[in-house]
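Here are my notes on the model you sent over. I've kept them short and put them in numbered points so you can check each one in your viewer.

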Amino acid sequence: MSRYPRRSGRLALRAGSLAAALGLWQLLTAYDVDLWVRFSQFPTVTDVARTFSDRLSGPDYWTDLTDSLTRILTGFLLAALLGVATGVLVARSRLAEDLLGPVLEVVRPVPAIAMVPVAILLFPSNEQGIVFITFTAAFFPVLVSTRHAVRALTPVWEEAVRTMGGGRWRILGSVVLPGALPGIFGGLSVGIGVSWICVISAEMISGQYGVGYRTWQDYTIVDYPGVFVGMVTIGLLGWLTSTAVELAGRRLTHWLPRTSYVPGARPRPARNPASTTVPAKAEEARDEHLV
């Protein structure tokens, strides 16, 4: 079986996939194809691109972008700090679990967007309320993933540190947090995506400026190319922030073994033990490149 394409080939494949999707969109909308769904109601790719270009040359687009990024980063960073701290505390302390666990489990199933009335009542400004909703959306995924990651740690590591005279803070810094990092970043990846969903929804409901607010305003005035500009902007921002979280996680967990598994590929045959030194170094160099 042929080997999977290298990095340049994979990039070309991804670019070709995106170009094919855009081309299909252009054809269906340009010829007003109406099958089970009505593509005649959609703007064409050229209409969206033209509107996007006009928005980029104006100040409102960049103001909306800055406001949304400020809200998402503020709420997400607060959720990351408090979610990790609370998750570790609940996982390591029975007292904290008994005191905080019931409250957290009752509040956790409530959708963050349902907190909009609460935010309006609690905070004097819409800005603070939107940050609160963003924080709530990311807090619980981070909390739950941290709690499970800490509880899944093998007790042998902690016992080894205690044997060498390490105390509680030493165990926390050298065993608990490093061992739980993969699970923590799994929760952060989920949290940043949920945060974007909720911050856009909150901006549509009660925001002033922001990508979500502008997208809803375009919908109310029947500016459908503008609506798609907002959707594309939201998608790009979500992709960039999720990629940043993933890259940070890979940097901080570089000590983890990396897999080179490719679906459908044959497993590599076992090598001669006498010749494993050079391939091992090559694998390590490749993993460092991926990180």
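The points below run from the overall fold to one helix, the cavity and a few single residues.

1. First, a reminder that this is a predicted model. The protein has 11 helices and zero strands, so the pattern along the sequence reads α-α-α-α-α-α-α-α-α-α-α. Of the 291 residues, 33% are buried.

2. Helix 6 is worth a look. It covers residues 126-151, which is 26 residues, and spans 38 Å from its first C-alpha to its last. That is close to the 38 Å expected at 1.5 Å a residue. Still, helix 6 has a bend of about 25° at phenylalanine 139. A proline, proline 141, follows within four residues of that bend.

3. How much of helix 6 is buried? The count is 19 of its 26 residues, so helix 6 is largely enclosed by the rest of the structure.

4. Threonine 146 sits in helix 6. Threonine 146 counts as buried because its relative accessibility is 0%, and the cut-off for buried is under 20%. A polar atom of the threonine 146 side chain lies 2.7 Å from the backbone oxygen of valine 142. As background, an α-helix has 3.6 residues a turn, so residues three or four places apart point the same way.

5. Now set that beside threonine 163, which is in helix 7 (residues 155-163). Is threonine 163 buried or exposed? With a relative accessible area of 68%, threonine 163 is exposed, because the cut-off is over 50%. Here too a side-chain polar atom finds a backbone oxygen: the oxygen of glutamate 159 is 2.7 Å from the side chain of threonine 163.

6. On empty space: a search of the whole structure turns up one cavity of 30 Å³ or more. The largest cavity holds about 70 Å³. Which elements give two or more residues to its lining? They are helix 3 (59-92), helix 9 (211-220) and helix 10 (224-252).

7. If you want to select the lining of the largest cavity, pick Arg55, Tyr61, Asp64, Val211, Arg214, Thr215, Asp218, Gly226, Val229, Gly230 and Thr233. By class, that lining has three nonpolar, four polar and four charged residues.

8. Aspartate 47 lies in helix 2 (residues 45-56). At 27% relative accessibility, aspartate 47 counts as partly exposed. Its side chain makes a polar contact with the side chain of threonine 44, at 3.0 Å. Aspartate 47 also has a partner far along the chain: its C-alpha is 9.7 Å from that of phenylalanine 228, with the two positions 181 residues apart in sequence numbering.

9. Two loop residues deserve a check of their backbone angles. Aspartate 32 has a positive phi of about 50° although it is not a glycine. You'll find aspartate 32 in the loop between helix 1 (7-30) and helix 2, and at 46% relative accessibility it counts as partly exposed.

10. The other loop residue is valine 222, in the loop between helix 9 and helix 10. Phi of valine 222 is near 60°, again a positive value in a residue other than glycine. Valine 222 is exposed, with a relative accessible area of 53%.

How values were computed:
Residues numbered from 1 in each chain as written. Predicted model: local features only at pLDDT ≥ 70, side-chain atom pairs only at ≥ 80, totals over all residues. Heavy atoms only, no water. Buried < 20%, exposed > 50% of the residue type's maximum accessible area, 1.4 Å probe, protein only. Polar contact = N/O pair within 3.5 Å; in protein donor to acceptor, adjacent residues only side chain to side chain. 1 Å grid on protein atoms, 1.4 Å probe; cavity = no way out; pocket = protein on both sides within 12 Å on 5 of 7 lines; lining within 4 Å. Points joined across faces, edges and corners; volume = space filled by probe spheres on them. Nonpolar A, V, L, I, M, F, W, Y, C, P; charged D, E, K, R; others polar. Expected span 1.5 Å × (residues − 1). Bend = angle between axes of the 7 residues up to and from the residue.
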